[in-house]
Amino acid sequence: MNTTTHLPAPFPVPHRGLRAAFAAVFGLALAFVSLSLSAAPDPRDEEIKLLREQVRLLDTRLRQLEVRDAVQAAPETAAPAAKLAAAGKKPEADKDTPKITINDRGITIASADGDSALRLRALVQADSRWFFDDPASPSNEGFLLRRARIIFEGQFGKLFQYQIVPEYGGSSVYLLDGNITLAFAPEVQVKFGKFKAPIGLELLQSDSWAFFPERSLATNLVPNRDIGVQIGGELFDKTTEYQIAVLNGIGEGRSNQTNAEFDRGKDFVARVFARPFRNRKDSFFEGLGIGIAGSVGRQEGDLGRTSGYRTDAQQTLFSYRSSVIQDGTTWRYTPQLSYYNGPFGLLGEYVVSTVNLRAAAGQPSREITNKAWQVAAGYVVTGEKSSFNGVIPKNPFNLEKGTWGALELAARFDKLDIDNDVFPVLADPNASATSASSWTLGANWYLTRAFRFSLNYVQTDLKSATPNPTGILLREDERAIITRAQIAF
């Protein structure tokens, strides 16, 4: 008679002495059944059949326990899965299984050993600008998508790293960053491709973590992104960082969006930034950093000069005449400073930029020197630590828990001086300012590490080279409110 029966739930393996006792009991049970069968027929046949089936099940269970006992007694020969099952544990993941991590820093897919990885991040900034006076152009006021980026980063075998960053914000899609790094050691890393020129301190800070939505007047005088090769790294127990680069060369405030060279000239760039007290955790000067950066090169044509200097609210305060071309040596230098101590943060820099320009092809060359500086400070009133890489709230925004994130207050003062020799031949005094001074007050609400809301008031005072300028921006100083909703991970 075949009967399908579910075995009882497993129970702990008995001691070998107990197993012998079980065997004796089973033997007595079998003898009892034999005697019962040899006797006269019992009218209760169903009870005998049931007893017989119970004995069979007990014998099967005993055999299972013997196999289980053998696995535990010889673990070196047992299969891993069997050993783990016997111990009540789940099998571990295969050593070649990739690791997937999803958090507020992005999505990372990494090999089991961590040597190779692909990381996906994003940045979206939705802004608005509102002017107290009529702006120079109606298109400057209202809502806008300032930045929208998908950031691909990764590495292969720890040595080869890469970055691909398309920009979807603005009027067209273009490649913002695209580079490859050979990370031989923390002290020596070689980068090829398109990346930020290592000059301006404020520009080198991530767009996600700057104190204010827009860069200062001083950043107008340094190039943005360029194409070339750079060697850099950290020295002296990570207290000093350096970069040395050879780049195609680009005008002040410009980025190389064509991904090509426009002349034969090259820029040579060098920067060193030291944090001598970085490893002294109890020192008041632990967060102090000082450095200097500079560049020298030669550009020709209209792409070698700036397309225009802008205010904090992104109105053009100065531009050269359309016929002006760059033709000659360009050099820049910028001392820079940063200091972070608990919730307090400070950034400052001074920039000098000298270019050689011609009013038109065949016209005499003029050497023009423009200067600018900026000092910005922030304080996290909720007590979180301020840093060059932003603020991480201790208690992220959560209505159910009654937590509200982190709040940072910030202020900035900056100034830009234009060489007076540009007027009136190289620039129109009625449309371009000869100097600009600005101050900004801001509040940054970090709801989480990834989400931030900013509110800023900015006022820019402009001076003209002529007493009665016709340009709207020169007649009325700029006063504006700038807001930003940002998600960055």
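Which residues are linked with Glu214 in a network of salt bridges? Let's work through that and a few related exercises on this predicted model.

**Exercise 1. Trace the salt-bridge network and describe one of its pairs.**

*Step 1.* Asp127, Arg129, Arg146 and Arg484 join Glu214 in the network.

*Step 2.* Now pick out arginine 484 and glutamate 214: their side chains form a salt bridge with an N to O distance of 3.9 Å. The cut-off is 4 Å, so this pair counts.

*Step 3.* Place the partners along the chain. Arginine 484 belongs to strand E20 (residues 478–488), while glutamate 214 sits in the loop between helix H4 (201–204) and strand E8 (225–235). The two are 270 residues apart, and the pair links distant parts of the chain.

*Step 4.* Check the surroundings: arginine 484 and glutamate 214 are both buried.

**Exercise 2. Take two further salt bridges and classify each partner as buried, partly exposed or exposed.**

*Step 1.* For arginine 278 and glutamate 234, the closest N and O atoms are 3.6 Å apart. Arginine 278 lies in the loop between strand E10 (267–274) and strand E11 (288–301), and glutamate 234 lies in strand E8, so their bridge ties together parts 44 residues apart in sequence.

*Step 2.* Arginine 278 has a relative accessible area of 25%, so it is partly exposed. Glutamate 234 also counts as partly exposed, because its relative accessibility is 25%.

*Step 3.* Turn to lysine 281 and glutamate 286, whose closest N and O atoms are 3.7 Å apart in a salt bridge. Lysine 281 is exposed because its relative accessibility is 59%. Glutamate 286, with a relative accessible area of 24%, is partly exposed.

*Step 4.* To put these pairs in context, the whole structure holds 22 salt bridges.

**Exercise 3. Find the largest nonpolar core and say which elements build it.**

*Step 1.* Start with a general expectation: in soluble globular proteins, nonpolar side chains tend to be buried together.

*Step 2.* Here the largest nonpolar core has 34 residues. Those with the most contacts inside it are Tyr309, Leu317, Phe318, Tyr320, Leu416, Val422 and Leu426.

*Step 3.* Several elements each supply at least two residues of this core, among them strand E9 (240–247), strand E16 (365–380) and helix H5 (472–475). Strand E15 gives the largest share, three residues.

*Step 4.* Look outward from tyrosine 309. Setting aside residues up to four places away in sequence, its contacts include Asn220, Glu252, Asn370 and Ile418, as well as Leu317 and Phe318.

*Step 5.* A second, separate core has eight residues, including Phe212, Phe273, Tyr340 and Ala376.

**Exercise 4. Describe the environment of glutamine 230.**

*Step 1.* Glutamine 230 is found in strand E8. At 11% relative accessibility, this residue is buried, because the cut-off is under 20%.

*Step 2.* List its contacts beyond four places in sequence: Gln189, Val190, Lys191, Phe195, Lys196, Pro198, Gln243, Ile244 and Ala245.

*Step 3.* Compare sequence and space for one partner. Proline 198 is 32 residues from glutamine 230 in sequence, with a C-alpha to C-alpha distance of 9.0 Å.

**Exercise 5. Summarise the chain as a whole.**

*Step 1.* Count the elements: the chain has five helices and 20 strands.

*Step 2.* Consider burial and surface. Of its 489 residues, 40% count as buried. The exposed area is about 25,900 Å², with carbon and sulfur atoms supplying 60% of it.

*Step 3.* Finish with contact range: among contacts between residues at least 6 apart in sequence, 63% join residues at least 24 apart.

Notes. Residues numbered from 1 in each chain as written. Predicted model: local features only at pLDDT ≥ 70, side-chain atom pairs only at ≥ 80, totals over all residues. Heavy atoms only, no water. Helix = DSSP H or I, 4+ residues; strand = E, 2+ residues; numbered from the N terminus. Buried < 20%, exposed > 50% of the residue type's maximum accessible area, 1.4 Å probe, protein only. Contact = heavy atoms within 4.5 Å. Areas by Shrake-Rupley, 256 points an atom, 1.4 Å probe, with all protein chains shown as cover. Core = buried A, V, L, I, M, F, W, Y, C linked by side-chain atoms within 4.5 Å.
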